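Reader: I am in my first year and would like a close look at one part of this model, the place where two of its chains meet. Could you take me through that part slowly, in connected prose?

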Amino acid sequence: MAALDQELGPDETKELLTPRPDPSDAQTSSAEAESAETASAGVKVSPEQAAWILKTRRRIASMWVVPSNFRGRQLATTLELRLAANGALIGEPRVMISSGDPYWDDNTVRAMMMADPLPPPPRAGPVTFVFRSEDH
Amino acid sequence: LISIGRCSKGIGWRFLSLGSIGTVWLCAIAIAASWPGLLRAQSLENEQGPLPTLEITPGQVKAFRTAVLRFRQVGQPVGEERVDRLREAIEHGLAFSSIVLPLEHDAYLASDESPPLDSQAPFDCDAWKQSGADAVLQGEVRRDAGRLRADLRVWDVARCRALKTGSVAGDRDDLGELGRIVADETVGSLTGTPGVSATEIAFVSDRTGTRQIYVMEADGSDQRPTTRSPYLKLAPEWMPDGRAILYVIYDGLQPAFSLTSRSSEIRPGPILRNLMKDRPRYRGRFDPTGEWLAMVTSVDGAAEIFLVKRKTNEARRLTNDPGIDVTPSWSPDGREIVFVSDRTGSPQLYLMNREGGDLRRLTYTGSYNAAPAWSPDGRWIAYETRVRGQFDIWLTDPSGQINFPIAQHARSDEGPSWSPDSRKIVFSSRRRGRYDLYVMDWNGDNVQRLTSDAGDNIQPAWGPRLR
């Protein structure tokens, strides 16, 4: 864990390994239900996956343009895509759950395309991303 | 003769010259030697499992970078210098949006000359991606029946596809206007809502003596008076379709309503003079239809709000309280009005429906809350609140549950008015000593000063989108 701290900084490591809120606390909206699924998956990650997740989040966040008018609207879009072993996207991401705002959805796909290639994943294959306008 | 090959599964080497029995034994030895490593690899793969769902929340990038190419002249020449001015105007309009910014020309790794819109050659998205552009604006400009027409295409660099293709036209001699329109369309192609650089703001200024009604472009350019008579004027308010501006004029015993018209269909001058004669008009706010006004007048010495029909003088009283009831602002659906009342001892914001019913108090913090302005998207009510003798601008949601400051300055920020896209707020402030007008994003970011002339500039009213 110390190595992870050294590479990623203790704060981010702590953030990653902190258990997410109990899914049973989630409200009934589709966005929050989606959040609960993500939360349960977020706790169990290997160190390799943890490192990849943080690098990938940084990479996408550095490319993702979020104008102020999208903030505060509790938007969430779920994308699915396939990654090659070198981190390159195979094909275009697919919107699995729309936020209801086509421009926001479009914006998340654009962010993924701009971030291509991602850091090489621990394992090639399908990955699911949830883009949220706010922390929750 | 010795030849070398691989065991099945690629583990160990075999020597064909030893024959098949020897090969089997050697491979078996090699596999046994490598077995612990194989187990570890399989174990690791199981441990990794599928990649978990990744949650992504916004980082620090808040604006799209857009490369604006020089538009191509088509037909009768427009002039190189005018093409450059058009590009400057487009970039100026984008910069005003603060969410779709022009990419610095030094960063361009491809030609800045727009290719023909009907070109069959592939667009060089890789070069623009390397340049740091999220989008590229290409276009053509031509003379068209005494006007200038711009045909434009906005490219999404990431997916190398056109986001928008369209045409806009503007005054031949006003490249600033055409550039602002193109910029607003470009903003819309990326965010779903066009920009507001081509809208106007009305305000009150005493820069030449008496307070008059002025109008300027939203970016502060082209400031000009729309009234000239020597009487004091206040409280400008746009008709929802932008065809006229209502204001209060002090040209008689009592303040009255008057219109400046921007359309041949609306006669300028006094309105509602025969309604409740001899009573003052302090302020009027059009409902979204433009047919009705929430009007502030005085009854028995107390300011009250009435609903009046502009063309028929029909009037209904909405408030009835010994305290003052002033500064109404409509919800975008026209069903509710937020206003200021001191009925509990200090000025606070209240809500009521358009019949005057369902009254409820909205603000409970602050001892002096005033000047509410409901955002066109309905999400927020901006207002001024007094803090240590000066005013800050806060936002509250219509339920009153969320309440926070967006502009705080020791020299008072006052009189907020929303842009038609709800992304920006114009307000007045004494930050330089005298009152100037400033614009900021709805969350308080990107504050820009719009006025610089002498005199006080107050009571801004952001006009509607006219296109």
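Author: In this predicted model, the side chain of Arg159(B) meets the side chain of Asp106(A) in a salt bridge, with 2.8 Å from N to O. That pair is one of five salt bridges counted between chain B and chain A. The elements of chain B that give two or more residues to the side touching chain A are α1 (19–48), β3 (54–56), β9 (161–171) and α4 (175–191), and of these α4(B) gives the most, with four residues. Sorted by class, this side of chain B has 15 nonpolar, ten polar and eleven charged residues. Across the interface there are also twelve residue pairs in polar contact, where both partners have a pLDDT of 80 or more.

Turning to the extent of the contact, 36 residues come from chain B and 47 residues from chain A. The size of an interface is often expressed as the accessible area that is lost when the parts come together. Here the area buried between chain B and chain A is about 3,900 Å², and carbon and sulfur atoms give 58% of it. Three residues, Leu51(B), Glu55(B) and Ile56(B), supply 21% of the area that chain B buries against chain A, which is more than any other three residues supply.

Ile56(B) also has a place in the strand pairing between the chains, since it lies in β3(B) and stands opposite Phe131(A). The strand β3 of chain A, residues 125–132, is joined to β3(B) by three bridges, and the two run parallel.

Elsewhere in chain B, strand β11, residues 212–217, offers a further example of pairing, and six of its six residues are buried. In a regular strand the side chains alternate between the two faces of the sheet. In β11(B) both faces are covered, with Gln212(B), Tyr214(B) and Met216(B) buried on one side and Ile213(B), Val215(B) and Glu217(B) buried on the other. Six bridges join β11(B) to β10(B), residues 200–205, in an antiparallel arrangement, and in this pairing Phe203(B) stands opposite Tyr214(B). The hairpin of these two strands has six residues between them, and Gly209(B) takes a positive phi near 125° there. β11(B) is also joined by two bridges to β12(B), residues 224–225, and these strands again run antiparallel, with Val215(B) opposite Arg224(B). In the hairpin of β11(B) and β12(B), which has six residues between the strands, Gly220(B) has a positive phi near 95°.

Notes:
Residues numbered from 1 in each chain as written. Chains lettered and ligands numbered in written order. Predicted model: local features only at pLDDT ≥ 70, side-chain atom pairs only at ≥ 80, totals over all residues. Heavy atoms only, no water. Contact = heavy atoms within 4.5 Å. Buried area = accessible area lost by both parts, 1.4 Å probe. Salt bridge = Lys/Arg side-chain N within 4 Å of Asp/Glu carboxyl O. Polar contact = N/O pair within 3.5 Å; in protein donor to acceptor, adjacent residues only side chain to side chain. Nonpolar A, V, L, I, M, F, W, Y, C, P; charged D, E, K, R; others polar. Pairing = 2+ DSSP bridges. Buried < 20%, exposed > 50% of the residue type's maximum accessible area, 1.4 Å probe, protein only.
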